[in-house]
Amino acid sequence: MTYKKLIKFYSFFIVILFIAVFGNSFVYCQDVTILNINNPSIRKIPLAVPEFKQFLKGAEIEQDAKKAQNLLRDALNFTGYLKIINAQAYLANPAETGIARKDIDFLDWTGIGAELLVTGGISVDNDKVKLWLRLFDTFDMRLLVGKIYTGDRKDLRIMIHRFCSEVSLKLTGQRGVFGSKIAFVSRVKGKKEIFTCEFDGFNPQQITFHKSITLSPAWSSDSEWIAYTSYAKGKPDIFIKNLKQKRGTIINKEGMNIAPAWVPGEFALAASLSFSGDPEIYLLTGKGKIIKRVTESRGIDISPKFSPDGKNIVFVSRRAGSPQIYIKNLETNNIRRLTFEGSYNTSPAWSPNGDRIAYVGIRQGRIDIYTIGIEGEFPVQLTSVAGDNEDPSWAPDGSLIIFSSTRRGGRSQLFVMTAAGGEQRRLLSFKGEQTDPDWSMVNN
Amino acid sequence: MKKRVFANLLMALMVAGLFLTVSCAQKKVTSDPQSTQPSQETAPADTASDNPLKPVATGDPDVDFINLDIYFEFDSAELTGEAQALLQGKAAYIQTKSDIKVTIEGHCDERGTTEYNLALGERRARSARNFLVDLGISGSRLSFISYGEEKPADSGHNEDAWERNRRGHFELQ
């Protein structure tokens with residue numbers, strides 16, 4: 001951090017302090033963003049996550065303390081904007097000296113370059129695990145977040161991630177990815193089925209059992225429904241499935257019924273149906289009733305996705321002779337072409353803050369992921385390592401993009417990267433081939 | 001109308017004859033993994049004959065109707081001259097079997113995105129269907145379905161496999 005930036009950084013906190021003291025309410029702090037996660041040249045903030053203090057002795061507590069610390073590290077590391085400092089560098093051990101602000105000598109942490117410090121304490125109370133978690137700004141010697149959680153041992157992961165959401169909210173102004181899930185397609189015994197897992201790839205669960213070709217999962221905004229395409233009834237139809245109850249609808253008009261995308265915040269969706277003779281995009285109710293036709297052009301119109309405000313649709317059309325990405329304003333019915341470079345641009349995904357579109361482009365036979373501003377400005381290529389890179393989907397806070405790639409041994413697997421293409425890593429190790437990831441909104 | 005059917009039949013015989021002579025000269029290969037070598041980096045060829053993994057005509061019209069696929073260029077649903085010739089043979093076959101109904105499957109290679117390939121596969125199947133209808137086959141005997149990139153004929157990841165997977169396939173209902 002340069003001197004000037006430091007001053008800026010501190011004055012920021014001073015302003016917050018004033019608001020806190022004189023505004024007599026912390027609500028204002030909710031609006032303050034310390035980090036702009038949409039900044040492509042974001043510098044990772046060094047963070048220390050030392051051992052948890054055990055307020056009771058015992059094998060179980062010791063085990064849980066270790067587990068909690070690892071969960072915390074992994075989750076914060078996943079964000080892509082925090083860098084966990086190696087524990088061997090730590091000069092102090094709050095597990096022994098204390099985890100509250102008064103117990104901490106912040107010079108121990110600023111001395112090793114840690115700008116943030118998370119301390120944790122763990123105890124057991126009536127068979128429940130109790131956690132004390134704190135986030136400190138080490139330079140300012142200030143408590144940013146302090147929370148106490150109580151729950152069953154099996155819910156340790158949930159409690160840690162709740163705290164991470166608070167950390168994210170404080171640092172970025174958004175709750176981050178910790179309460180989100182990912183739906184994807186995986187091959188099972190030669191067939192394709194839909195699975196879901198948590199944001200970090202944990203706990204994959206098979207949710208369809210059609211023993212058929214099943215594709216294109218799409219979460220509703222409230223994460224209670226998943227729409228997808230399946231050949232379960234012999235041809236491609238759209239299935240709308242409630243994840244908690246045994247309810248749902250099938251859209252099985254003549255021809256293909258594919259590429260479902262939910263209208264933000266509504267029980268309605270867009271999809272590509274070909275009963276009229278070629279694939280056109282329609283708006284449908286969650287029960288499958290057509291509300292209106294969105295595209296009218298000869299040739300393919302496919303892969304609709306909504307802007308976060310639901311007022312625009314981005315989609316792929318072959319109307320100009322090659323697959324390109326277009327945006328239609330649903331209020332003015334104005335349609336404009338977004339991509340002009342290359343002769344193959346497909347699979348658009350609208351960023352949650354509304355300003356960029358991720359998509360797949362083919363250039364010189366290479367299949368890669370790109371993003372572009374919604375006015376066509378600043379196209380950026382995000383992948384270039386190896387393999388085919390496809391199916392981009394944004395994290396709910398727009399900080400990360402999940403995609404499928406054949407870069408490791410030719411088999412398609414799920415990978416995650418920052419919105420600027422940094423920190424590319426595999427999401428989960430899972431047998432078979434994984435494609436079509438769709439990231440849910442936060443649900444906690 | 002009769003004249004047209006006759007002309008089609010004649011064409012079919014000629015096409016079948018052509019394939020017969022070809023098949024005599026060519027070693028019949030179905031799927032020999034040894035020969036799945038990636039071809040040189042070339043643009044997708046228009047002609048189908050240079051890919052050793054593509055099925056060749058046997059001379060048995062029942063077998064050939066199912067086995068011989070029509071092939072497409074990348075991101076195209078246009079019927080090549082070769083595809084048109086093959087379709088004329090298929091039309092003649094369908095004409096001679098008044099009790100059969102046919103499903104045309106549209107397929108794509110693995111490149112490009114899943115959803116777009118579903119749509120492209122449908123266009124391929126539809127253009128084959130329309131060609132057959134233009135040759136006098138009743139549309140009620142023809143249905144079509146797209147499998148996009150989901151059912152490759154060749155699971156390889158090279159030009160030969162892609163070329164073989166961009167196809168229209170015919171099945172009896």
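**Exercise 1. Take stock of the interface: how many residues of chain B are in contact with how many of chain A?**

Solution. Start with the count: 23 residues of chain B are in contact with 33 residues of chain A, where contact means heavy atoms within 4.5 Å. Before going on, keep in mind that this is a predicted model, where local features need pLDDT of at least 70, side-chain atom pairs count only at pLDDT 80 or more, and totals for chains, interfaces and linings use all residues. Residues are numbered from 1 along each chain as its sequence is written, chains are lettered from A and ligands numbered from 1 in the order in which they are written, and side-chain values use heavy atoms, with hydrogens and water left out.

Next, the area. The two chains bury about 2200 Å² between them, with 57% of it on carbon and sulfur atoms; buried area is the accessible area (1.4 Å probe) that two parts lose on being put together, summed over both.

Then the polar side. The rule finds two salt bridges across the interface of chain B and chain A, each being a side-chain nitrogen of Lys or Arg within 4 Å of a carboxyl oxygen of Asp or Glu. It also finds 10 residue pairs in polar contact there, both at pLDDT 80 or more. (A polar contact is a pair of N or O atoms within 3.5 Å; within protein, one must be able to donate a hydrogen and the other to accept it, and residues adjacent in sequence count only if both atoms are side-chain atoms.)

On the side of chain B that touches chain A, the elements giving two or more residues are α4 (114-134) and β3 (142-148) of chain B. Helices (H or I, at least four residues) and strands (E, at least two) are DSSP runs, numbered from the N terminus. The largest share, 10 residues, comes from α4(B).

**Exercise 2. Follow B:D75: which residues is it in contact with, leaving aside its neighbours within four places in sequence?**

Solution. First place it: B:D75 lies in the loop between β1 (70-71) and α3 (81-96) of chain B. Its contacts on chain A are A:R318, A:P323, A:S343 and A:Y344, and on chain B they are B:Y116, B:L120 and B:R124.

Now sort out the side chains. B:D75 meets A:R318 in a salt bridge (3.3 Å, N to O), and a polar contact of 2.6 Å joins its side chain to that of B:Y116. As for B:R124, 49 residues away along the chain, its C-alpha is 9.8 Å from that of B:D75.

**Exercise 3. Check B:T113: is it buried or exposed?**

Solution. B:T113 sits in the loop between β2 (102-107) and α4 of chain B. At 3% relative accessibility it counts as buried, since buried means under 20% relative accessible area, exposed over 50%, and partly exposed in between (1.4 Å probe, protein chains only). Its side chain makes a polar contact of 2.9 Å with the side chain of A:T346. Its contacts beyond four places in sequence include A:Y344, A:V360 and B:E149.

**Exercise 4. Look at α4(B): how many of its residues are buried?**

Solution. The helix is mostly covered, with 15 of its 21 residues buried. From first C-alpha to last, α4(B) reaches 30 Å, close to the 30 Å expected at 1.5 Å a residue; the expected span is 1.5 Å times one less than the number of residues. Just after the helix, B:G136 takes a positive phi of about 105°.
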